[in-house]
Amino acid sequence: MANNSRFGRRAFLRGAGGVVVALPFLSSLARPARAQGTSVFPKRFIVFFSPNGTVRKHWRPFGGERTFQLGSILEPLEPHRDQLLILKGINMTTAKNGPGDGHQTGMGHMLTARELLTGDLFEGGGGGFVGWAGGISADQEIANHIGQTTKFKSLEFGVQVHGSNVWSRMCYLGANQPLPPENDPRAMFDRVFKDVDADPAALARIRTRRKSVLDMVRQEYKALLPTVDRFDRQKLDQHLTAIREVEKRLDIETTGVTDYCTVPSLPPDIAAPEPSIFMEPERFGDAGRAQMDILVSSLACDLTRVASIQWSQSVSQHVFRNLGITSGHHDLSHEPDDAEDAQDKLVQINRWYAQQFAYLLDKLSSVQEGDGTLLDNTVVLWCNELGKGNSHTRDDVPYVLAGSAGGYLDTGRFLEFPLTNHNDLLLTLIQAMGVPANQFGDPIYSNGPLTRLLA
Amino acid sequence: MRANQWRDRSMVVLSTLVLSLAVSACGDDQDGGPPTDSAGTDMLDVDVVEDTAPDTAEPAEPIRPAHCSDKLSPGPAPSRRLTRTEYNHTVADLLGITTDPGNRFPPEEETLGFDNNASSRNVTQIHVERYQEAAENMVSEMLATNRAQVLKCDADSVGALLCAEWTIRDFGKLCFRRPLTAVEQARYWDFFGALYAEDNDFDRAIGMVLEVMLQSPQFLYRLEVGHEDADGDGVAALTSFEIASRLSYLLWNSMPDDYLLAAAEVGSLDTPEGIAVEARRLLENPRARRASLHFHRQWLQVDDLALVHKDADVFPEYDAALRDRMTAETERFVTHAIFEGTGDLPTLLAADYTIADATLAAHYGVSPPTGELDEDGFGRVSLEGGQRAGLFTHGSTMTVQSKPNQSSPVLRGKWVREQLLCDHLDPPPADVDITPPAVEPGLSTRERFRQHSDDPACSGCHNKMDPLGFTFENYDALGRWRTIDEGGSPVDPTGEVLFTWDADGPVDNAVDMAQTLAQSEQVHDCYIKQWFRYTHARDVTFADECNMFDLRKAFYDAELDIQSLLVALTQTEAFRYRPVADPDTTPVPEEVQDGE
């Protein structure tokens, strides 16, 4: 990755119709040591989501806590086994409560660990309708603390996420405020890297202009608030808050390309504006890998410290033709345990997701940070909205962590937990990022951090 | 006549509403009699109405509930942010930019089947970034290539300040869909002046003004204030410019044109009659067809076709070209039925023709189109053989409402139940295996799904779906006609309509069901309800009782003519009035940067 040439990136920008400023790069200064704590490198948090549950028999490792042998699904993670925490027995207990069907509660509780709103927005289970999630998601809680000094508070990557509803959103700014992921790698690339290495004088002019325009715009929203009713105020206030976030970050300088920070090059056809192929089912993996390349670079360049990558959505019907499978994932996930052919396919699908997870870990490991790597300073949470698809259980959800968050977690282990709520897993990760918190999500289900995970 | 029975129905519905209010009022009233007594009496009244209502030729004229005249009742009127579709059409009309820049915005949150529900939509940082990006790109493109579209003057000849003033006034009126207030004009002019004073760069300064306007809440939202509430009843008539936007976004998905703004300016939209005249004019414009399609595609769930996957082993012929043909059929048929054909809902639902090309006709096994063909080879295809009827049997619908390898009586029945009858169905209990039973030679579809009717845990819900869905068994998972099902058994397309207001009874097949439901008041009512949700970006509420009454009456008076329903939607209190905002005056938190 460190070998990506400037030429490649310039060519990409031209091809993508972006603004090309043919001026020298910013000088490659060393990364400013903004981080707190022992490491000069900041801690990062990543969420990696794959849908529709797993096949437990083949997900579960064999053997002991440190002597485990990976099963067929997680086998692709073998090169990173020392960086893993494989967690069995953690339940999304909160997701047995409140409105919503199995996938809805699984998806909406996954990172918020509290009940969905009893809104009238979507058809749900339990005899009625359901709203968005009822609180902030863990990634955003973390971003509120560690994402204030970076260009982006957080970045939400999507890979062919379809729909815009409670089945397809996992990140929330707060109750009733879903955060949409971006499916388009090119749009994400432009968003993240357009200012890196831009000509400082040109950049300064653009910033001055934007500040001036946004300031006017912000005043208009602000002036409206006291004149409208509560409903409109809530919506316009969200808009105003988002404007403030954008405005606040206009001033944040990006470091430019350094030893650590390089700008990825995307496959030309994925990056091409026309025809846009990133939503074509056959390019699922390519689109995802392009997104992960951007994700890793955005962390390496310290443009953000919190990111998520969401593959498809709950109830995903993605067809893995590349694996010789012709049925939709969700349809397969409903097949009973004794339907061997379907279970074999589900193992293949989940193994494929493990390969993508391994790709992400490879990339994170390839970025040197001092004596360690970017992965060492990160914790990646691989989560799923269900334990297994055919029962829709939200118990014993297949969680994998990777990276020690700068030595905070004791990795390289397989741990089984009795009756443990996922609130506490999320709480542990929040604390791992240095965020002060004693509980997370619905306090009834939050009993304290999982100390067994700690170094 | 069936079409007149709605009057009895609406009486029951209204009485029940009033009843529930009466009961709760009694419950709060310490001195009142037991609520059950009061309820019982009211119930009796309802029964009398039903029992004595003649079902012969001369039904009683429906009576608008008395309380409808007591007080205006517009229902909630949330502010609405332009959808991506509305944004694209608006910048095309405003700026001549036809590249659909809104497609880069995050997708709308979908609620109740539509993309515009005000309650579910949210703004995040990425929205603001994309609005900013779109405004910057559009303004720089306009100033470089199409100045006359936004600048009606030449700064060099009339002077920068005067040209800016005119631009702010004239472009601002189009952008905000109403004249700017004096305060707004002054504010933008001051902004321009300060920028221009820095470097005498007219384009930079006016460009920044335009960027602000294109990110302003006055452009991105439809904010309504209404006239002053002179009589203090908490309800305000919308201003004529607000009405103009309501009309154009409902009927065109876009901003008002010059004529509509002029009509607003001279007060033509201050009366229901004036609004109706403009509504009819808008319906004659081709833009009305795309707006109608935007509604119908969402209502019928045809947009989902793009995501529908079929098992390639079972349906190797399923490809993008077939999908495109199916979509084209539904779009052309809907447009034809509403704008070129008889225009009534029963025809839309159960017509004995469709609009297809020869390839799709062959797919269906019907004769190719006859008469005039359009540029894509689509024309009128007769369905008089009795195998197909209206929207019900379109390939798009049958394909979406199927499984990858087989038909689905459950999905098809659910589609009828929810989209056409407006019934709500709960999803299956969480821990039930809902895999459709595998195709088995010798077992008919009906037999494979027998558990749904035999098992009481299933039958409660599935009796609302499966007996409707079985009638579609003559159509495979690609909408092709068949008489032998997946399992090799002869198709038995008989079914039963159950749990409806007025259409219950056995049906012979899907065509029979389509014809039955096309005459059902519950279906007519549902169609009105779907349009109401879409028109107002919200669900129907109790406050809409009189609005719904007025729409029913207008729709039946017009013999279920759809364009008349669209005009009627512009005549209701919900369309012409809004509740006076009860401002939340909590001070807005200050931030350091505000002091700059």
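The paragraphs below lead through chain B as a whole, then one of its residues, and then the side of the chain that touches chain A.

The structure is a predicted model, and a good place to begin is with the elements of chain B, which holds 28 helices and eight strands. Of the 596 residues in this chain, 46% are buried. If we consider the contacts in chain B between residues with a separation of 6 or more, we find that 66% of them join residues 24 or more positions apart.

A single residue can show what such figures look like in one place, and for this we may turn to B:Trp531, which lies in helix α25, a helix of chain B that covers residues 521-536. Is B:Trp531 buried or exposed? Because a residue is buried if 20 or more other C-beta atoms lie within 10 Å of its own, and B:Trp531 has 20 C-beta neighbours inside that distance, B:Trp531 counts as buried. When its neighbours within four places in sequence are left aside, the residues in contact with B:Trp531 are B:Phe295, B:Leu565 and B:Leu569. One of these partners, B:Leu565, is 34 residues away from B:Trp531 along the chain, while the C-alpha atoms of the two are separated by 9.0 Å.

We can now look at where the two chains meet, for 50 residues of chain B are in contact with 61 residues of chain A. Two elements of chain B, α4 (125-145) and α9 (202-215), each give two or more residues to the side that touches chain A, and α4(B) gives the most, with six residues. Sorted by class, this side of chain B has 19 nonpolar, 16 polar and 15 charged residues.

How values were computed
Residues are numbered from 1 along each chain as its sequence is written. Chains are lettered from A and ligands numbered from 1 in the order in which they are written. This is a predicted model: local features need pLDDT of at least 70, side-chain atom pairs count only at pLDDT 80 or more; totals for chains, interfaces and linings use all residues. Helices (H or I, at least four residues) and strands (E, at least two) are DSSP runs, numbered from the N terminus. A residue is buried if 20 or more other C-beta atoms lie within 10 Å of its own, exposed if 12 or fewer, and partly exposed in between; C-beta atoms are placed from the backbone. Two residues are in contact if their C-beta atoms, placed from the backbone, lie within 7 Å. Ala, Val, Leu, Ile, Met, Phe, Trp, Tyr, Cys and Pro count as nonpolar, Asp, Glu, Lys and Arg as charged, and the others, Gly among them, as polar.
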